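This report describes one protein model for a reader who has not seen it before. The sequence and the structure come first, and the description follows.

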Amino acid sequence: MSEKPNHYYNSSNYNNNALSRPVRRHLVNVYLTLAAMCAIATFGSHIGDYLGPSGTSIGSVGALGSMSMIRFTSINSNSRWGLLLAYSIFSGIAISTFISFILNWDPTGNIVFLSLTSAALVFLGFTLSALTSSRRSTMYVGALASSAISVLLWLSLANIFFFQSSNLFSFELYAGLLAFAGFVMYDTQMIIDRANAGIMDIPGHAIELFMDLYALFVRFANIFLKKEMERENDKRRRQRGGFRLQRE
């Protein structure tokens, strides 16, 4: 009797241009869940407005706890959906103070809007890249992104306690942006691989992509906010210089 082929390790399954129907259906469900998580997180950010500065701590602890429980809960358990709901709400609460700070600086909301659209466009672009690239190249991107995040973590700690450099902080933002864009490609490929293996974990896969999108938004928001603050500081310096010239 001939041995059945291993469909998971068949090279044709690693061709992202020919996704099977169950995998395509799974990806649609994952992205719909991701969209729902974003909407719920937006609602959570409004809840965080009522909690004040303590919302960041409450949201961070709640998000970390619910995510950990999802990791250790059976894939077939319906409780994962409740934990996913809790994670989305707590994630929104955790970022509410940061968003409030941005809106206080820019009441028009342009920074938040630009950050959201930029994060969404980068996420979409790198997702499409993952769907059209070879598996091997995506694995390389994932390895580079993981290494970059590790280096940036230590660099960030060194900058906080020793260097306190604005230029180094800017480098961390842009490098982190590239790293998490790479994670979008890597996580998308991992979701496809697991779906090919029959692991249709919609909550688990959606939360991975949500964390990537969340990280992209935070970094874009920091970049745009930093530029706006520098622009305002330059404007104030020019105004003070003009007042001195008028007095002279």
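The protein chain of this predicted model has an average pLDDT of 84, and 88% of its residues score at least 70. pLDDT is the predictor's confidence in each residue, from 0 to 100. Residues 1–16 fall below a pLDDT of 50, and beyond near neighbours in sequence this stretch has 16 contacts in the model. A contact means heavy atoms within 4.5 Å.

Because the model is predicted, local features need pLDDT of at least 70 and side-chain atom pairs count only at pLDDT 80 or more, while totals for chains, interfaces and linings use all residues. Residues are numbered from 1 along each chain as its sequence is written, and side-chain values use heavy atoms, with hydrogens and water left out.

**Overall fold**

The protein chain contains 7 helices and 0 strands. Helices (H or I, at least four residues) and strands (E, at least two) are DSSP runs, numbered from the N terminus. Of the 248 residues, 39% count as buried; buried means under 20% relative accessible area, exposed over 50%, and partly exposed in between (1.4 Å probe, protein chains only). Among contacts with a separation of 6 or more, 84% involve residues 24 or more positions apart.

**Salt bridges**

A salt bridge is a side-chain nitrogen of Lys or Arg within 4 Å of a carboxyl oxygen of Asp or Glu. By this rule the count is 5, including the three below.

| Pair | Closest N and O atoms |
|---|---|
| Glu208 and Arg71 | 3.8 Å |
| Glu208 and Arg194 | 3.1 Å |
| Lys226 and Glu230 | 2.6 Å |

Lys226 and Glu230 both lie in helix H7, 4 residues apart, about one turn of the helix. Lys226 is buried, at 15% relative accessible area, whereas Glu230 is partly exposed at 37%. Elsewhere, salt bridges with shared partners join Arg71, Arg194 and Glu208 into one network. Within that network, Glu208 is buried, at 12% relative accessible area, while Arg71 is partly exposed at 44% and Arg194 is partly exposed at 28%.

**Two further sites**

Ser54 belongs to helix H2 (residues 54–71). A polar atom of the Ser54 side chain lies 2.9 Å from the backbone oxygen of Leu51. Ser54 counts as partly exposed because its relative accessibility is 37%. Thr97 is 43 residues from Ser54 in sequence, and their C-alpha atoms are 8.6 Å apart.

Trp154 is found in helix H5 (residues 135–163) and is exposed, with a relative accessible area of 62%.

Note on methods
A polar contact is a pair of N or O atoms within 3.5 Å; within protein, one must be able to donate a hydrogen and the other to accept it, and residues adjacent in sequence count only if both atoms are side-chain atoms.
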